[in-house]
Amino acid sequence: MLDQQQLHADPLLRDPQAAEFLGTTRASLRQSRYKGKLFGKTAPRFLKLGRSVRYRFSELVNFLSQFSEYANNAEHQEASESYTKIAPNAAKTQSTHGKDG
């Protein structure tokens, strides 16, 4: 059986808390459970407890770790340009899909 310390080590967050932590809306989070995508990545895993939904804090942290961090926009631009040089067809495909929706 789990003791109190183990329970608090990885708390379960409700929809509003998880959405706030991820910087999105509850509606986007709800849609991600249906579509399986959030911010263009595989949506975070969740627990279904009866009619309630919970997210493990560690799962949300793992989800965010998929994204790159930048100090400023110039750094982001530099990374994007080097990605385009490495995989020009992938960047072209993404921009084409972005126009269609």
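The following exchange introduces the fold of a predicted model.

Biologist: How many helices and strands are there in the protein?

Modeller: The model under discussion is predicted. Read along the sequence, its elements follow the pattern α-β-α-α-β-β-β-β-α-α-α. The protein therefore has, with helices and strands taken as DSSP runs, a total of six helices and five strands.

Biologist: What percentage of the residues of the protein count as buried?

Modeller: A residue is called buried when its relative accessible area is under 20%. The protein has 101 residues, and the share that counts as buried is 18%.

Biologist: Which helix supplies the largest share of the largest nonpolar core?

Modeller: The largest nonpolar core has 11 residues: Leu13, Ala18, Ala19, Leu22, Leu29, Leu38, Ala43, Val53, Tyr55, Leu60 and Phe63. At least two residues of this core come from each of α2 (15-22), β5 (52-56) and α4 (57-64). The largest share, three residues, is supplied by α2.

Biologist: Leaving aside neighbours within four places in sequence, which residues is Ala18 in contact with?

Modeller: Ala18 belongs to the largest nonpolar core. Contact here requires heavy atoms within 4.5 Å. With neighbours within four places in sequence left aside, the residues in contact with Ala18 are Leu13, Leu29, Tyr55 and Leu60.

Biologist: Are α2 and α3 roughly parallel or roughly perpendicular to each other?

Modeller: Two packed helices are described by the angle between their axes and the distance between the axes. For α2 and helix α3 (residues 26-35), the angle is about 100° and the axes are 9 Å apart. Angles of 65 to 115 degrees count as roughly perpendicular. The two helices α2 and α3 are therefore roughly perpendicular.

Biologist: How do the residues of the contact of α2 with α3 divide into nonpolar, polar and charged?

Modeller: On the side of α2, the contact is made by Asp15, Pro16, Ala18, Ala19 and Leu22. Helix α3 contributes Arg26, Leu29 and Arg33. The division is five nonpolar, no polar and three charged.

Biologist: In what order do the three strands of the open sheet stand?

Modeller: Strands of a sheet pair through backbone hydrogen bonds, either parallel or antiparallel. In this sheet the pairing is antiparallel. The strands β1 (12-13) and β4 (47-49) are at the edges, each pairing on one side only. The order is β1-β5-β4.

Biologist: Which residue of β5 is the bridge partner of Leu13?

Modeller: Strands β1 and β5 run antiparallel and are joined by two bridges. Leu12 stands opposite Arg56 of β5. For Leu13, the bridge partner in β5 is Tyr55.

Biologist: Which residue in the turn of the hairpin of β4 and β5 has a positive phi?

Modeller: Three bridges join β4 to β5, and the two strands run antiparallel. Leu49 stands opposite Ser52 in β5. Two residues lie between the strands of this hairpin, and the one in the turn with a positive phi, about 65°, is Gly50.

Biologist: What value is phi of Phe39 near?

Modeller: Phe39 is found in the loop between β2 (37-38) and β3 (41-42). Its relative accessibility is 42%, and Phe39 therefore counts as partly exposed. Most residues other than glycine have a negative phi. Phe39 has a positive value, near 55°.

Biologist: How far apart in space are Ser58 and Asp10, C-alpha to C-alpha?

Modeller: Ser58 lies in helix α4. With a relative accessible area of 31%, Ser58 is partly exposed. Ser58 and Asp10 are 48 residues apart in sequence, and their C-alpha to C-alpha distance is 6.2 Å.

Biologist: What distance separates the C-alpha atoms of Ala79 and Ser68?

Modeller: Ala79 has its place in helix α5 (residues 73-86). Its relative accessible area is 29%, so Ala79 is partly exposed. Ala79 and Ser68 are 11 residues apart along the chain, and their C-alpha atoms are separated by 9.7 Å.

How values were computed. Residues are numbered from 1 along each chain as its sequence is written. This is a predicted model: local features need pLDDT of at least 70, side-chain atom pairs count only at pLDDT 80 or more; totals for chains, interfaces and linings use all residues. Side-chain values use heavy atoms; hydrogens and water are left out. A nonpolar core is a set of buried Ala, Val, Leu, Ile, Met, Phe, Trp, Tyr and Cys residues joined through side-chain atoms within 4.5 Å. Buried means under 20% relative accessible area, exposed over 50%, partly exposed in between (1.4 Å probe, protein chains only). Helices (H or I, at least four residues) and strands (E, at least two) are DSSP runs, numbered from the N terminus. Two strands pair if DSSP finds at least two bridges between them. Axes are lines fitted to C-alpha atoms, for helices over the stretch in contact, and angles run from 0 to 180 degrees between N-to-C directions. Angles under 35 degrees count as roughly parallel, over 145 as roughly antiparallel, 65 to 115 as roughly perpendicular and the rest as oblique. Ala, Val, Leu, Ile, Met, Phe, Trp, Tyr, Cys and Pro count as nonpolar, Asp, Glu, Lys and Arg as charged, and the others, Gly among them, as polar.
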